[in-house]
Amino acid sequence: MSYIVEQKIKGRIYLYQVESYWDKESKKPKQRRTYIGPKDKVRSSRDVKGILSELTIKHYGNIVLLEDISEKTGLLKVLRSNFESSYREILALAWYQLMEASADYLFPYWLEEQDMDQVKRLHSSDISGLYEAIGRNQKGMHRFTSDWINSLQPIHGVYYDITSFSSYSTGIDYVEWGYNRDEEALPQVNMGMVCCRDSGLPFFYNIFPGSIVDVTTINNMLKYLQGYDLKDFTLIMDRGFFSTANVTALAGSGQRITFLQPLPFSLKKTKELVKRNARKLKNVDTAIKYNEEIVHHVVDNITLGKQSFPAHIFFNEKAYVDGRHQFLARLLEMEAGLGSCTFESQKEMQAALEAKIPDKSRCFFRWDKASKTVKRNKAKIEEHTATFGYFVILTNAEGIDPHSVLHYYRDKDKVEKIFDGVKKHMDGDRLRVHSDYTLEGKIFVRYIALILYMHITKVMRQKKLFEKYSIRELLKELAKTLNPQPIFLFIRNKFFE
């Protein structure tokens with residue numbers, strides 16, 4: 001970033017052009033000063049437009065922050081060692097996604113405004129070529145993952161989750177129709193990601209066709225991690241990955257892997273566990289304190305396949321009351337929307353429900369033949385609310401205490417929220433690519449951006465910065481506040497006074 005300062009010497013004002021830059025050796029911002037001449041001489045000998053044409057506005061503070069984070073996390077070193085000729089451009093594209101989340105063709109215009117003189121000016125076709133080169137460099141991506149895992153060691157606990165990116169592309173093997181998590185009428189690509197529990201940073205990802213369901217990806221993911229010599233760790237998953245086959249396979253894998261698997265209430269045995277222990281879970285003897293919450297906890301066994309596992313059953317009374325209250329409030333609102341109409345047949349009532357009530361909530365209403373009106377389906381309502389406040393976590397970890405189980409479970413929830421956040425933060429540019437290699441390269445750049453996003457999120461939460469800024473707002477503010485003398489002030493105060 002360049003700007004002009006005045007210095008008064010023996011009653012005369014002289015102008016100097018000042019350039020701010022980041023000194024990598026001292027790791028501090030520094031300045032270079034270039035003498036222009038006396039102010040009165042400059043005014044008479046140079047055209048104002050000529051001076052302005054020599055000056056450019058460069059965003060500086062945001063780049064300093066992102067470069068510092070890239071270096072301190074070790075990401076810069078690992079990226080440079082495996083993509084020596086293009087690591088600067090890869091980082092720049094990742095930073096662009098973080099700050100703008102716009103289409104790739106706008107990247108060169110954004111780059112012009114940043115203090116990044118060493119980055120090549122890439123146009124849309126150049127960016128597509130870079131993505132394809134990354135995608136073809138399978139060895140480079142493999143080495144990057146291996147080096148990145150080593151830089152994060154030791155890795156004791158890992159979280160696994162899947163997200164998807166919708167795409168307009170056709171003719172790409174990965175892009176398929178499947179369960180769209182964003183509820184969009186588009187095919188998609190699925191991305192499975194593994195995060196380190198201690199650092200909160202992702203260290204491995206894999207791409208799946210959009211039609212692949214979550215539960216089928218676990219075995220492949222474990223084989224990949226075994227290939228990177230990760231064998232002794234605790235795997236924490238969410239309910240979407242549960243299947244009896246997955247649990248029994250993990251337990252009998254022969255690897256030193258412990259796991260925590262929340263059980264879905266669609267599983268009949270989960271409901272039986274809760275029903276069997278409901279009285280105990282409301283007894284004062286089972287109450288424990290976790291942070292500021294009071295929860296009840298018991299351990300019971302569950303048999304899956306031919307194996308028995310300990311299941312930690314928790315009940316949060318406050319969550320039960322709050323959940324039931326919110327559910328009934330929504331139910332009464334929907335009921336009011338139906339009015340006091342009468343219906344001559346159940347078919348007529350069903351048509352009214354389809355017009356006014358969401359699909360998942362229609363089961364909570366029934367037709368009363370005697371009054372020909374809509375009534376609440378008490379049995380369905382009680383069945384639905386019976387599991388509010390309960391959660392059941394299956395594990396093969398021996399002797400693990402309830403506080404540790406809760407800690408793993410709640411941390412997993414934080415990672416899921418960050419994962420969702422990064423999707424919303426960087427979804428400005430759909431996966432508009434035209435080959436499998438280009439797709440892989442583009443997702444790799446997004447993965448780099450995601451690493452930075454998750455680190456920034458973690459620090460901002462610790463420092464309570466989200467009370468004032470979003471991530472994008474913070475970067476915009478840094479770009480503004482670390483500019484010692486914004487160019488618009490220079491023009492207003494010096495040329496139009």
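In this predicted model, the largest nonpolar core holds 113 residues. Phe144, Trp148, Phe203, Leu235, Phe444 and Ile448 touch the most other members of that core. Helix 16, spanning residues 436-462, gives the most to the core, with 14 residues. A second core is separate and has 15 residues. Met334, Phe343, Phe365 and Ile381 are among its members.

The contacts of one residue show the packing in detail. Phe444 touches Leu79, Phe83, Ile90 and Ile134. Phe444 also touches Met141, Phe144 and Tyr205. This list leaves out residues up to four places away in sequence.

Helix 4 covers residues 75-82. Its buried residues are Leu75, Leu76, Val78, Leu79 and Asn82. These buried residues pack against four helices: helix 3 (61-72), helix 5, helix 8 (138-152) and helix 16. Leu79, buried in helix 4, is also one of the residues that Phe444 touches.

Helix 5 (residues 87-99) also meets helix 7 (residues 124-136). Their axes come within 12 Å and cross at roughly 115 degrees. Angles of 65 to 115 degrees count as roughly perpendicular, so helix 5 is roughly perpendicular to helix 7. The crossing is left-handed. On the helix 5 side, the contact is made by Glu89, Ile90 and Leu93. On the helix 7 side, Ile127, Leu130, Tyr131 and Ile134 take part. By class, this contact has six nonpolar residues, one charged residue and no polar ones. Ile90 and Ile134, both part of this helix contact, are also touched by Phe444.

Methods. Residues numbered from 1 in each chain as written. Predicted model: local features only at pLDDT ≥ 70, side-chain atom pairs only at ≥ 80, totals over all residues. Heavy atoms only, no water. Axes fitted to C-alpha atoms, helices over the stretch in contact; angles between N-to-C directions. Helix = DSSP H or I, 4+ residues; strand = E, 2+ residues; numbered from the N terminus. Parallel < 35°, antiparallel > 145°, perpendicular 65-115°, else oblique. Left-handed = near helix turned anticlockwise from the far one by under 90°. Contact = heavy atoms within 4.5 Å. Nonpolar A, V, L, I, M, F, W, Y, C, P; charged D, E, K, R; others polar. Core = buried A, V, L, I, M, F, W, Y, C linked by side-chain atoms within 4.5 Å. Buried < 20%, exposed > 50% of the residue type's maximum accessible area, 1.4 Å probe, protein only.
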